Amino acid sequence: MMKKRQLKAVFAMFLLAGGVLAGCGNTEKTATTEKQAEKTEKTEQTEKSEGEKEEINYGEAFKEAVTELEKAKTGEKVDFDKVTTIYTTKLQALVQKRDAEFQDTLDQHITAALSAGKDGSMAPMVVKQLFDKLMQKVFYATIKHEFTEVEEHWGNQEKVKEEVEEAKEFYAILQSTVEKRDAAYGTNLVDTINGAFSDIESAVEKGDALAFALGKQVIDKTLMKTFYLATGALPHGYASKAAAEAKENADEAKVEQAEGWAFYQSVYPYMKKHAPEEADYILQQFDLQTDVKTLDPIAINKAFIRGWAKVALHEYEESEENWGQDKSAVTALEGALFIDMIGSDLKTLLGEQAFTTLNDQAHKYLEAAKAKNKEEGEKLLKQIEVTLHAAIEKAK
């Protein structure tokens with residue numbers, strides 16, 4: 001077992017990279033300009049490497065690497081050279097593309113973890129968890145990338161169908177993570193995502209761009225809900241697991257804190273944009289510089305509730321600003337999905353009836369946005385906003 005000070009030393013590298021990630025919000029204006037310039041180049045690079053992408057089975061490569069890392073569970077020696085070779089020859093190019101597209105530093109994190117595993121400065125099981133969860137973020141980001149490709153090639157049905165199939169292949173790699181949350185919380189996330197993929201395929205056949213945009217949001221936000229359930233939700237998130245483990249074994253608890261940190265990377269940038277205080281608080285709690293014995297799962301859960309409620313309010317603000325356009329309906333759906341994301345928490349916080357009413361209002365508002373019924377939309381929006389602000393206050 002790695003000593004605590006060694007673990008902290010290795011995570012100093014991650015925190016440095018995390019600082020780069022956190023700094024993205026401060027450089028947003030510059031980044032936006034650079035992103036536009038990079039977009040054309042990125043598209044060209046993607047098209048050039050399309051043949052290469054078809055030759056690599058990312059799911060098999062990921063599974064092979066994780067299987068080797070999992071030998072640590074039974075005390076077997078892990079062949080880090082083998083894992084590093086799999087990563088550099090089959091996965092790294094994909095990671096670097098997503099880093100460039102989403103201004104991320106995942107390649108730096110993964111490379112540092114594999115190197116630390118090889119030189120013995122990080123426990124193999126910690127390396128496994130970081131590699132596993134950070135690669136899942138890469139696959140999640142790649143689904144988003146494929147959907148962007150669909151929108152860019154809308155009208156070219158064959159090309160669009162190929163992109164949807166690729167998105168489904170990357171989702172297949174993540175499905176077991178979604179299934180675990182369904183088993184833990186009694187949710188139907190897998191069915192929701194499968195249904196949304198069917199809706200998307202139907203939308204492509206019909207040339208219905210709005211239906212595609214709505215289906216895309218259901219898949220994206222359901223995957224975000226999966227990552228939330230894995231990190232800050234009660235009672236099965238890694239915040240709760242690490243806090244409970246800290247009473248028995250602080251070193252093992254640190255490993256679970258690290259798992260929470262790695263999973264949280266998939267949703268941190270989104271929350272950071274509209275609820276920076278809550279997003280940074282959660283990041284700081286999962287940070288290994290934080291004494292795991294002081295980790296507070298209730299406070300983390302409340303930060304998530306406030307954060308997602310603020311994000312939902314932002315989506316509704318966008319819906320109101322874009323009234324009469326497709327974007328108004330799309331952001332109305334996003335608002336409803338963020339409410340659903342914390343549905344169980346809102347039931348506890350506001351009561352069953354208040355949540356049912358909020359959920360009903362959110363769905364009626366979506367229908368009003370689709371029908372462009374402004375009078376009905378304005379009335380519902382006021383009610384939704386009052387309830388979300390009340391939830392934010394109660395979650396303090």
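Below, two colleagues chat about the helices, core and a few residues of this predicted model.

Biologist: Hi! How many helices and strands does the chain have?

Modeller: Hello! The predicted model has 19 helices and 0 strands.

Biologist: And what share of the residues counts as buried?

Modeller: Of the chain's 396 residues, 53% are in the buried class.

Biologist: What about contacts in the chain, how much comes from residues 24 or more positions apart?

Modeller: Taking contacts with a separation of 6 or more, 71% are between residues 24 or more positions apart.

Biologist: Let's go inside. Which residues of the largest nonpolar core touch the most other members?

Modeller: Those are Phe131, Met135, Leu223, Tyr264, Trp308 and Ile339, in a core of 122 residues. Helix H7 gives the largest share of this core, with 12 residues. As general background, nonpolar side chains in soluble globular proteins tend to be buried together.

Biologist: Pick Tyr264. What is Tyr264 in contact with, leaving aside neighbours within four places in sequence?

Modeller: Tyr264 then has contacts with Thr231, Met271, Glu278, Ala279, Ile282, Leu283, Phe286 and Phe304.

Biologist: Back to H7 for a second. Is Lys128 buried or exposed?

Modeller: Lys128, which sits in helix H7, counts as buried because its relative accessibility is 5%, and the cut-off for buried is under 20%.

Biologist: Which residues is Lys128 in contact with, again leaving aside neighbours within four places?

Modeller: Lys128 is in contact with Val66, Leu69 and Glu70.

Biologist: Nice. Now H11: which of its residues are buried?

Modeller: Helix H11 covers residues 238–246, and its buried residues are Tyr238, Ala239, Ser240, Ala242, Ala243 and Ala246.

Biologist: Which helices do the buried residues of H11 pack against?

Modeller: They pack against H7 (124–152), H10 (209–231), H12 (250–264), H14 (276–286) and H15 (297–321).

Biologist: You mentioned H10. How do H10 and H16 cross?

Modeller: The axes of H10 and H16 (residues 326–341) come within 10 Å, crossing at roughly 20°. The two helices are therefore roughly parallel to each other, since angles under 35 degrees fall in that class. Their crossing is right-handed.

Biologist: Who makes that contact?

Modeller: From H10 there are Leu210, Ala213, Leu214, Gln217, Val218, Lys221, Met224, Lys225 and Tyr228. From H16 there are Asp326, Ala329, Val330, Leu333, Glu334, Leu337, Phe338, Asp340 and Met341. By type, the contact of H10 with H16 has 12 nonpolar, 1 polar and 5 charged residues.

Biologist: And the C-terminal pair, H18 and H19: at what angle do they pack?

Modeller: H18 (residues 352–371) and H19 (residues 374–394) pack at about 145°, and their axes are 9 Å apart. The crossing of H18 and H19 is left-handed. On the H18 side, the contact uses Leu358, Gln361, Ala362, Lys364, Tyr365 and Ala368. On the H19 side, the residues include Leu380, Leu381, Ile384 and Leu388. The contact of H18 with H19 divides into 8 nonpolar, 4 polar and 2 charged residues.

Biologist: One last residue, His274. Where does His274 lie?

Modeller: His274 is in helix H13, which spans residues 268–274. Its relative accessibility is 27%, so His274 counts as partly exposed.

Biologist: How far apart are His274 and Trp308?

Modeller: They are 34 residues apart in sequence and 8.8 Å apart in space, C-alpha to C-alpha. Leaving aside neighbours within four places in sequence, His274 is in contact with Lys310, Val311 and His314.

Notes: Residues numbered from 1 in each chain as written. Predicted model: local features only at pLDDT ≥ 70, side-chain atom pairs only at ≥ 80, totals over all residues. Heavy atoms only, no water. Axes fitted to C-alpha atoms, helices over the stretch in contact; angles between N-to-C directions. Helix = DSSP H or I, 4+ residues; strand = E, 2+ residues; numbered from the N terminus. Left-handed = near helix turned anticlockwise from the far one by under 90°. Contact = heavy atoms within 4.5 Å. Nonpolar A, V, L, I, M, F, W, Y, C, P; charged D, E, K, R; others polar. Buried < 20%, exposed > 50% of the residue type's maximum accessible area, 1.4 Å probe, protein only. Parallel < 35°, antiparallel > 145°, perpendicular 65-115°, else oblique. Core = buried A, V, L, I, M, F, W, Y, C linked by side-chain atoms within 4.5 Å.
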